[in-house]
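Hi,

Here is the model I said I would pass on. Have a look, and my notes follow underneath.

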Amino acid sequence: MIKKQTFDNNLKEQFKFRSFHKKQLDFFNQALKQINIDRDTNRLTVFSARCGLGKSTFLQILIKSWLTDNENRGLIIVT
């Protein structure tokens with residue numbers, strides 16, 4: 001599980017001088033919520049979103065947040 005507070009703090013820290021559009025922030029919040037809900041390791045969770053919505057930025061912050069909140073646990077990301 002990734003704490004929303006950790007994700008938000010890492011997002012602000014990593015991108016201090018960047019402002020995100022509401023649609024991007026909505027995507028980040030919805031994707032993080034879905035990742036925290038999906039605990040079934042027998043299937044994949046897939047996010048399809050249009051170009052420019054911030055999928056790569058989300059993954060960057062997701063990995064940093066995962067490492068902060070989940071020491072000694074693995075994470076598999078397929079792009």
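How are α2 and α3 oriented to each other? Before the answer, the small print. This is a predicted model, so to speak with filters on: local features need pLDDT of at least 70, side-chain atom pairs count only at pLDDT 80 or more, and totals for chains, interfaces and linings use all residues. Residues are numbered from 1 along each chain as its sequence is written, and side-chain values use heavy atoms, without hydrogens and water.

Now the helices (DSSP runs of H or I, at least four residues, numbered from the N terminus). α2 and α3 pack at about 50°, with axes 11 Å apart; axes are lines fitted to C-alpha atoms over the stretch in contact, and angles run from 0 to 180 degrees between N-to-C directions. The two are therefore oblique to each other (not under 35, over 145 or 65 to 115 degrees). Phe27, Phe28, Ala31, Leu32 and Ile35 of α2 meet Lys55, Thr57, Phe58 and Leu62 of α3, contact being heavy atoms within 4.5 Å.

On to the largest pocket, which holds about 930 Å³ of space. A pocket is an open set of points on a 1 Å grid over the protein atoms alone, where a 1.4 Å probe fits, with protein on both sides within 12 Å along at least five of seven lines; lining residues have an atom within 4 Å of a point. The volume is the space filled by probe spheres set on the points, which are joined across faces, edges and corners. Of 24 lining residues, Leu44, Thr45, Leu75, Ile76 and Ile77 are the closest to the centre. α3 gives the most, five residues.

Cheers
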